[in-house]
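Here's a walk through one protein model, written for someone who'd rather look at residues than read statistics. Keep the viewer open while you read.

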Amino acid sequence: MVLGTIIVLVFIVMLLMIYNYSVHKKIDTFTNLNQRVTSLNVLQEFMNTLGENTTIKEKLENINDILINKYAIKYSTIVVFDGAEYKIRASNVEQKHWEALKNLQNDPVFGDSIKTATPKYVTVENENEKLPYQKMEFGRAKCAIFFPLYVDNVYIGYWIIEGSMPHEFDKIDTTILEVVRNNIVTILKTVEKQSTIENIVRDDLFSGLKSAEYLYGEGKKIIDRYTTSAICIFKITNLPNINTEISRKTGDMVITQVANLVKNSLGKEYIFVRFMGPKFAIVFSGADVSGVNNFMRGLKSKVESMQIEAADDYYYYDEQDDYEKVNEGQLEIGDNNNLNDAEDVEVVVSPKLRIAISTYYKGTSLDGALKKVEEYIDLSDENTINTL
C-alpha cells in the first residue's frame, strides 16, 4: 500500500516536472517571439525617426530612447568616432560618467570584441562587485553588453547597454540585438550626409547670410512646417562687370547693401541665403507664388534704384596709357611717379536683378526645385521676373 502510494507520488512529481518544463519552454518561446515582434516595431520606429525633419543629434537621441523604452533597458549609450575623437552621440547615463563611457575602446576587456566584431557580455556575481571598466562608480550598472560598430569593415565606435542587476541580460536574445546594432550602423551611415550638410553651413563674409547648405538642414525644418512654399532665386546680373570695371571692393559693397535691404524687407519666417556668387535664394515659407511675385516686383524696384558709390580702391586716370597700365598690372595704384596723374571721380553703381520664382511642395526634393530655378536664371539674359 505504502509502496503504491510512493509510486503514484513519484509519477505525479515527474508529470509536474514535465509540465513545468513545457511551460518554461513555452514562456521562452513566447519571450523570444515577443522580442522579435518588438524588434519589428523598433525597426519601424527607427525608419520613422529617420524621416523626421530633425537634427542628427535629435535623431540619435530619439533612437536611443526607442531602444531604452522598447527593450526595458536601464542604460543605453552610442559612441562614435568623428575623425578626431570618440564622442557620445546619445546616452541616458548621467553626464558625469561620460568620460569613462567614451573611452571603452581602450579597455582590455573589450579588445577582443572590437577585433572580432562580436558582442561582449560582462556581469558581476553579486551587488558588492563592480564591472571591469568601472573606475569610480559602483552602484549604477551591474551588467553590460558591448556591441562594436563597423561601417564597411571599418570600426567607428560602439553601442553599449547596461543593466542594474547582476545577470540581467542572461536570457536576452542577442541575435535580435545584433540586428538592432546593424540598424544603428545603417542609421549612422544614412545620417552622415545630413551631418556633412549641417557642418558645412557658413556665414557669408559680405552679406552676413547663411550659405545655401542652411536650406537643407536647419532651414528645412522651418520650410516643412508648410505644405507648399514659394522659392525664389535672384541674381545681381551686373556684379561681374562691377568687379572688373570698377573694383572688387565696390562689388563687395554691392553685395552687402543689397543683402541688407532685402533682409530688412523680409518677415522672420522667410529664409534668405547667399546661394552662390551673385545669386541669392529666398524661401517664402507657406506663401503662394502670386503674392511673392508682387512682393519681388516692389523689391526689385527698390534694389535697382540704389546708388552705391565706388569704393576707395577705384581710381580714374586722366592719361589713357596709365589707365591701361593699371588694368594690366604694370602700374601700382599709389605709385609716386604717377599719383599726380590720378584724380578721384565720383562713380556710382546700381544693381540690376534677374528673378525667378517657383513652388516647392513638402516631401519633394528642395534641392531639385532650387536647381530648376537656378538653371532658368542662368539661361535667361533679361533682368525680369519670371514664374516657373
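Start with Phe169, which is buried at 5% relative accessibility, under the 20% cut-off. Bear in mind that this is a predicted model. Phe169 pairs with Tyr121 in a tilted arrangement, with 6.5 Å from centre to centre and 45 degrees between the planes. The partner, Tyr121, is partly exposed, since its relative accessibility is 33%. What does this pair tie together? Tyr121 belongs to strand β3 (residues 120-123), while Phe169 is in the loop between β5 (154-163) and α5 (174-200), so the two rings link parts that are 48 residues apart in sequence.

That's one of 13 aromatic pairs that turn up when the whole structure is searched. There's also an aromatic cluster, made of Phe81, Tyr86, Tyr150 and Tyr155.

**The sheet**

Strand β3 also takes us to an open sheet of 5 strands, which runs β2-β1-β5-β4-β3 with antiparallel pairing. The edges are β2 (86-91) and β3, each of which pairs on one side only. From one strand to the next, the twist averages 20 degrees. Helix α2 (residues 56-70) packs on this sheet and touches β1, β2 and β5; its direction is at about 55 degrees to that of β2.

Zoom in on β1 (residues 75-81) and you'll see it pair with β2 in the antiparallel sense, over 5 bridges. If you want a spot to click on, Thr77 has Ser91 in β2 as its bridge partner.

**Helix α11**

Now jump to α11 (residues 366-379). Does its length agree or disagree with 1.5 Å a residue? It agrees: 14 residues should span 20 Å, and the end C-alpha atoms are 20 Å apart.

Which residues of α11 are buried? They're Leu366, Ala369, Leu370, Val373, Glu374 and Ile377. Looking down the helix axis, these buried residues fall within an arc of 130 degrees, so they line one face of α11. Over on the other side, Lys372 and Leu379 are exposed.

And what covers the buried residues of α11? The elements in the table are included in the cover.

| Element covering the buried residues of α11 | Residues |
|---|---|
| α6 | residues 218-223 |
| β7 | residues 228-236 |
| β8 | residues 271-276 |
| β9 | residues 279-284 |
| β14 | residues 353-361 |

**A buried valine**

Next stop is Val303, in helix α9 (residues 289-304). Its relative accessible area is 0%, so Val303 counts as buried. What does Val303 touch, leaving aside residues up to four places away in sequence? The contacts are Val258, Leu261, Val262, Pro351 and Leu353. Take Leu261: it sits 42 residues from Val303 along the chain, yet their C-alpha atoms are separated by 7.5 Å.

**Stepping back**

Time for the whole-protein numbers. The protein has 11 helices and 15 strands. Of its 388 residues, 41% are buried. As for contacts with a separation of 6 or more, 67% of them are between residues 24 or more positions apart. The Tyr121 and Phe169 pair, whose parts are 48 residues apart in sequence, is a handy example to keep on screen, and so is Val303 with Leu261, at 42 residues apart along the chain.

Conventions: Residues are numbered from 1 along each chain as its sequence is written. This is a predicted model: local features need pLDDT of at least 70, side-chain atom pairs count only at pLDDT 80 or more; totals for chains, interfaces and linings use all residues. Side-chain values use heavy atoms; hydrogens and water are left out. Rings of Phe, Tyr and Trp (its six-membered ring) pair if their centres lie within 6.5 Å; planes under 30 degrees apart count as stacked, over 60 as edge-to-face and the rest as tilted. Helices (H or I, at least four residues) and strands (E, at least two) are DSSP runs, numbered from the N terminus. Buried means under 20% relative accessible area, exposed over 50%, partly exposed in between (1.4 Å probe, protein chains only). Two strands pair if DSSP finds at least two bridges between them. Axes are lines fitted to C-alpha atoms, for helices over the stretch in contact, and angles run from 0 to 180 degrees between N-to-C directions. Contact means heavy atoms within 4.5 Å. The expected span of a helix is 1.5 Å times one less than its number of residues. The arc is that of the directions from the helix axis to the C-beta atoms.
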